[in-house]
Amino acid sequence: MTTLKIGGVPEHFNLPIHLCIEEGLFAEAGIHVEWVEFPGGTGAMNAALRSGEIDLAVILTEGIIKDIDNGNPSSIVQNYVSSPLIWGVHVAQKSDFKTIEDLENTRPAISRYGSGSHTMAYIQAEQLGWDTSNIDCIVVNNIDTAVKALTAGEADYFMWEHFTTKPLVDKKLFRRVSDFPTPWSSFVIAATDRYKANHATTISKFLDILNKKTKNFKLLTRIEHLLSERYEQKLEDIKKWLSLTTWSQEQLPQEETILVKKYLSKLKSIDKE
């Protein structure tokens, strides 16, 4: 058995991988897949790829492109979710902020520097015509501490995936003032250069098995109910999320990589376009 350690966020996008593990599909192909969870998101996974803690990651497209450009010895091996990620823009329930325009020159909470929540706060600001030099980010590590920071007034807004955060909106811990969809594919699969050099066949087998699962994922019997139960989301929300989500079995289109780098370069997140 060849061991493959893959990291990802504890979100519904990654259920196809969990099902492949639980059904023994990877094991049948001689691959012992270890899932490593990263509630902190992209920044934490980039650090884990750099240190060799994990071999592969299901990671935000813009986050890994930015970190590879800044020296992460990894590469994208395949697209994973080709539909946009819908970032909800959240404030504390009792906040005075009512609209997205109210948040200009305020403090976004981010999981960590280099994370998706960090990058998207800048991209949203740039698209809205805000002065990005005025953004004062507050590092909160994860969604639980983001709730505390916003409630205490230590930060003003928090961008996180719409449906993952919806239970907090339903509980009136957060109030969503806007949505911001990415202008490119949500998630890609990245591998460290070292693992890719030594285990290219293993990666290929892993992707073949996963692609067969994602291709038919929406057709699985009672998949909406399974997702609703596992991720503690309302069935109506899961059905809406499924209708908006598309898994890919292809490579990331080059034009999307170019678009990501264009934005990152404009925001000085990478050295040059």
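This report walks through the domains, pockets and cavities of a predicted model.

**Two domains and their contact**

Let us start with the overall division of the chain. The domain assignment gives domain 1 (2-83 + 184-266) and domain 2 (85-183). Their C-alpha centres lie 24 Å apart. Domain 1 brings 28 residues to the contact, and domain 2 brings 25 residues. Between them the two domains bury about 2100 Å², and 59% of that area is on carbon and sulfur atoms. If you are thinking about charges across this boundary, the count between domain 1 and domain 2 is two salt bridges. Elsewhere in the list of polar contacts, the side chains of lysine 166 and aspartate 237 form a salt bridge, with 3.2 Å from N to O.

**The empty spaces at a glance**

Rolling a probe the size of a water molecule over the atoms shows where empty space is left. The table gathers two pockets and two cavities, with their volumes and the classes of their lining residues.

| Space | Volume | Lining by class |
|---|---|---|
| Largest pocket | about 550 Å³ | nine nonpolar, four polar, nine charged |
| Second largest pocket | about 200 Å³ | four nonpolar, five polar, four charged |
| Largest cavity | about 130 Å³ | eight nonpolar, seven polar, two charged |
| Second largest cavity | about 40 Å³ | four nonpolar, three polar, two charged |

**The pockets**

Where does the largest pocket lie with respect to domain 1 and domain 2? Both domains give residues to its lining, so the largest pocket lies between them. The lining has 22 residues, and those nearest the centre of the pocket are Ile143, Thr164, Pro167, Tyr231 and Glu232. Two elements, α6 (143-151) and α7 (162-170), give two or more residues each to this lining. Of these, α7 gives the most, with five residues. For anyone weighing up the chemistry of this pocket, its lining holds nine charged residues alongside nine nonpolar and four polar ones.

The second largest pocket, at about 200 Å³, has a lining of 13 residues. Nearest its centre are Leu49, Gly52, Thr192, Arg194 and Tyr195. Here the elements that give two or more residues are α3 (42-51) and α8 (193-198). The largest share comes from α8, which supplies four residues.

**The cavities**

Now for the enclosed spaces: there are two cavities of 30 Å³ or more. Like the pocket described above, the largest cavity takes lining residues from both domain 1 and domain 2, so this cavity lies between them. Its lining counts 17 residues, with Val9, Glu11, Leu60, Trp87 and Trp160 nearest the centre. At least two lining residues come from each of α3, β3 (56-60), α5 (116-127) and β8 (157-161). Two charged residues are found in this lining, next to eight nonpolar and seven polar ones.

Which residues line the second largest cavity? They are Leu103, Glu104, Asn105, Thr106, Trp130, Asp131, Asn134, Ile135 and Tyr157. The space in this cavity is about 40 Å³.

**Bringing it together**

The boundary of the two domains is a good place to begin when you turn to the structure. The largest pocket lies between domain 1 and domain 2, and so does the largest cavity.

Key:
Residues numbered from 1 in each chain as written. Predicted model: local features only at pLDDT ≥ 70, side-chain atom pairs only at ≥ 80, totals over all residues. Heavy atoms only, no water. 1 Å grid on protein atoms, 1.4 Å probe; cavity = no way out; pocket = protein on both sides within 12 Å on 5 of 7 lines; lining within 4 Å. Points joined across faces, edges and corners; volume = space filled by probe spheres on them. Nonpolar A, V, L, I, M, F, W, Y, C, P; charged D, E, K, R; others polar. Domains from an automatic or database assignment. Contact = heavy atoms within 4.5 Å. Buried area = accessible area lost by both parts, 1.4 Å probe. Salt bridge = Lys/Arg side-chain N within 4 Å of Asp/Glu carboxyl O.
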